[in-house]
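Dear colleague,

I am passing a structure on to you with this email. Please open it beside the text, and read the notes below it slowly.

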Amino acid sequence: MPFTLSKPLRFGDCDLTGIAYHPAYLSMLVDVNEAMFASFGITWKEIMFERKLGLPTLSMNILFTKPAVYGDVLTFNVHVRNVGRSSLDLETVVTVGPDVIWTIRQKIVLTSLENHKSTPWPDDIRAGLERYLEPVAAE
C-alpha cells in the first residue's frame, strides 16, 4: 500500500496563467517524502542533525501527463519499489481526482554527512520504509 498525502496547489505554485509551475512540484515532493518518513516516526531533522545522515537524490525520471491548475488538490501516492543496502527506489504517482498529472521515479541514497559516502539503512528506518514496499510486478 502506498504512502498517500494530498496537497493543494497554491497560487505561489503556479505561473501567471494559473498552471502549475513544474519546479514547485519538486518542492512539494520533498515535503511528501519527508512526511512519509515522519509517518513511521523518523523525522528528517533526526536523520540529519542527530544521526548525521543525508538523503540525496541520485536520479529522477519525471513524466508530466496533464497540467494542474491553481486550486487543484494533488494526491501523492508514494510507492516504495525497493529498499537496497543504502538506496531507496520510489515511484510517486500524482493525481487530481481520477486523472494522473505526473509521475516520478526517484532513487535516493543514504549517506554519511561526515564522509559523504553511502551507508546502510539503520534497522528502524529500513523497517519503516518496508511498511510501504511494493515491488514492481514482473512484466
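What follows is a description of what was found, going from the sheet to the core and then to the charged pairs.

Please keep in mind that this is a predicted model, in which local features need pLDDT of at least 70 and side-chain atom pairs count only at pLDDT 80 or more, while totals for chains, interfaces and linings use all residues. Residues are numbered from 1 along each chain as its sequence is written, and side-chain values use heavy atoms, with hydrogens and water left out.

The sheet is a good place to begin. Five strands (a strand being a DSSP run of E with at least two residues, and a helix a run of H or I with at least four, both numbered from the N terminus) make up an open sheet in the order 1-4-5-6-3, with antiparallel pairing; two strands count as paired if DSSP finds at least two bridges between them. Strand 1 (3-8) and strand 3 (57-64) stand at the edges with a single partner strand each, so one side of each has no neighbour in the sheet. On average, and with direction ignored, neighbouring strands of this sheet are turned by 20° against each other, where axes are lines fitted to C-alpha atoms, for helices over the stretch in contact, and angles between N-to-C directions run from 0 to 180 degrees. Strand 3 pairs with strand 6 (residues 99-109) over 7 bridges in the antiparallel sense, and Phe64 stands opposite Trp102 of strand 6.

Helix 1 (residues 22-39) lies across strands 1, 3, 4 (73-83), 5 (87-96) and 6, and runs at about 135° to strand 1. Within strand 5 you will find Thr92, which is buried at 1% relative accessible area (buried means under 20%, exposed over 50%, and partly exposed in between, with a 1.4 Å probe and protein chains only). Leaving aside neighbours within four places in sequence, the residues in contact with Thr92 (heavy atoms within 4.5 Å) include Leu29, Phe76 and Trp102.

In soluble globular proteins, nonpolar side chains tend to be buried together. Here the largest nonpolar core (a set of buried Ala, Val, Leu, Ile, Met, Phe, Trp, Tyr and Cys residues joined through side-chain atoms within 4.5 Å) has 35 residues, and among those with the most contacts inside it are Met36, Leu74 and Trp102. Helix 1 gives the most to this core, with 6 residues. Not counting residues up to four places away in sequence, Leu74 touches several residues, including Leu5, Met28, Val94 and Trp102.

The search of the whole structure also finds 9 salt bridges, each a side-chain nitrogen of Lys or Arg within 4 Å of a carboxyl oxygen of Asp or Glu. One of them joins the side chains of Lys7 and Asp31 at 3.6 Å, N to O, and this pair links distant parts of the chain, since Lys7 is in strand 1 and Asp31 in helix 1, 24 residues apart. Asp31 is partly exposed, at 36% relative accessible area. Another salt bridge is that of Glu46 with Arg51, whose closest N and O atoms are 2.8 Å apart, and Glu46, Arg51 and Asp124 are linked in a network of salt bridges. Arg126 and Glu130 also meet in a salt bridge through their side chains (3.6 Å, N to O); being 4 residues apart in helix 3 (residues 123-130), they are separated by about one helical turn.

With best wishes
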